[in-house]
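Thanks for making the time this morning. I would like to walk through one structure with you, going from its surface to its aromatic pairs and then to its charged contacts.

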Amino acid sequence: MGKRLTTVMRLLQFSDSAFPVGTFSFSNGLETAAHHGIVHDARTLESYTRSLMRQAAYSDGIAALEACRATGGNRYDRVLETDRRLLRCKMNGEARLMLRRMGKKLAELGSSLFDSDLLRQWLGDIRTDAAPGTYPVAQGITFSLAGVNEKELFCSLQYGVANMILSAALRCVRVSHYDTQRILFALGDELPELYEEIRTLSTDDMNAFVPEADILASLHEKGNMRMFMN
């Protein structure tokens with residue numbers, strides 16, 4: 001029981017929006033979606049958030065689970081391959097920057113918390129540009145080392161995507177805290193089914209096909225309606 005309580009504490013710590021990896025700097029292009037009227041109320045915000053969570057599940061989610069399993073099996077080659085393949089799934093520059101900046105920060109934090117040769121090797125490769133250092137792979141490694149299971153890892157990853165968007169929405173969409181919490185609560189009910197869809201998939205199955213989101217992301221990179229990075 002004591003070990004389980006510690007694991008839950010680790011999950012809460014690593015999923016907290018105050019955890020210093022820089023999630024507050026990114027919005028997944030919400031300002032551009034709001035500026036063009038695609039997201040303008042609670043209903044459209046929920047739809048937008050759901051789409052981005054699904055996109056993340058089929059790319060970031062698969063990569064995180066693969067990295068978690070590879071870490072448990074001490075397979076650094078699989079960690080590195082997953083890291084490289086995930087970056088190739090990202091079409092726009094700010095998405096790649098976001099994954100790498102947050103991934104490196106989490107790898108540095110993880111190295112200060114865990115005594116892991118695999119994590120040290122990966123961080124060394126990140127610093128020499130031999131590895132991209134993507135955030136979902138960092139999550140997979142650190143959560144594995146912390147004893148957090150795959151379902152909880154997936155939940156944390158999805159929560160992070162939703163929380164970035166919903167927190168940003170309070171600044172650029174006509175919604176309240178009650179609206180964003182209701183949306184987060186409703187989307188939580190969909191996680192078990194989404195996890196079942198992707199849990200047996202491999203890096204060969206990764207995809208990020210949400211065209212409207214990718215178009216908005218490209219507009220956001222060069223646009224003026226920016227409070228956050230994409």
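**From the surface inwards**

Let me begin with the outside, where Val8, Met9 and Leu12 together make a nonpolar surface patch of about 290 Å². Please keep in mind throughout that this is a predicted model. Of the residues in that patch, Leu12 is found in helix α1, and with a relative accessible area of 56% Leu12 is exposed, since the cut-off for that word is over 50%.

Staying with helix α1 for a moment, I turn to the aromatic side chains. How many aromatic pairs does a search of the whole structure find? There are three. In one of them, the ring centres of Phe14 and Phe143 lie 5.5 Å apart with the planes at 40°, so this pair is classed as tilted. That pair links distant parts of the chain, because Phe14 sits in helix α1, residues 2-15, while Phe143 sits in helix α7, residues 135-145, and the two are 129 residues apart. Phe14 has a relative accessibility of 5% and therefore counts as buried, and Phe143, at 1%, counts as buried as well. These two rings also belong to one aromatic cluster, which is formed by Phe14, Phe114 and Phe143.

Another tilted pair is formed by Phe154 and Tyr195, with 5.6 Å from centre to centre and 55° between the planes. Since Phe154 lies in helix α8, residues 150-172, and Tyr195 in helix α10, residues 191-198, this pair ties together parts that are 41 residues apart in sequence. Is Phe154 buried or exposed, and what about Tyr195? Phe154 is buried, and so is Tyr195.

Moving on along the chain, Met206 is placed in the loop between α10 and α11, the latter being residues 211-222. Met206 has a relative accessibility of 11% and so counts as buried. Leaving aside residues up to four places away in sequence, Met206 touches Tyr58, Ser59, Ile62, Ala63, Arg85, Leu86 and Cys89. By contrast, Glu31 is 27 Å from Met206 in space, C-alpha to C-alpha, with their positions 175 residues apart in sequence.

Now to the charged contacts. As a reminder, side chains of opposite charge can pair when their charged atoms come close. The structure holds 18 salt bridges, and I will pick out a few. Arg69 forms one with Glu150, the closest N and O atoms being 2.7 Å apart. Here again distant parts of the chain are linked, with Arg69 in helix α3, residues 42-72, and Glu150 in helix α8, 81 residues apart. Arg69, at 27% relative accessibility, counts as partly exposed, and so does Glu150, at 23%.

Asp77 forms a salt bridge with Arg75, where the closest N and O atoms are 2.8 Å apart; Asp77 is partly exposed at 44% relative accessibility, and Arg75 is partly exposed at 37%. For Glu108 and Arg127 the closest N and O atoms are 3.8 Å apart. Because Glu108 lies in helix α5, residues 93-113, and Arg127 in helix α6, residues 117-127, this salt bridge ties together parts that are 19 residues apart in sequence. Glu108 is partly exposed, with a relative accessible area of 27%, whereas Arg127, at 52%, is exposed. Finally, salt bridges that share partners join Glu46, Arg50, Arg182 and Glu190 into one network.

Terms used. Residues numbered from 1 in each chain as written. Predicted model: local features only at pLDDT ≥ 70, side-chain atom pairs only at ≥ 80, totals over all residues. Heavy atoms only, no water. Phe/Tyr/Trp six-rings, centres within 6.5 Å; stacked < 30°, edge-to-face > 60°. Helix = DSSP H or I, 4+ residues; strand = E, 2+ residues; numbered from the N terminus. Buried < 20%, exposed > 50% of the residue type's maximum accessible area, 1.4 Å probe, protein only. Patch = residues over 30% accessible without salt bridge, like charges linked within 9 Å, V, L, I, M, F, W, Y side chains within 5 Å. Areas by Shrake-Rupley, 256 points an atom, 1.4 Å probe, with all protein chains shown as cover. Salt bridge = Lys/Arg side-chain N within 4 Å of Asp/Glu carboxyl O. Contact = heavy atoms within 4.5 Å.
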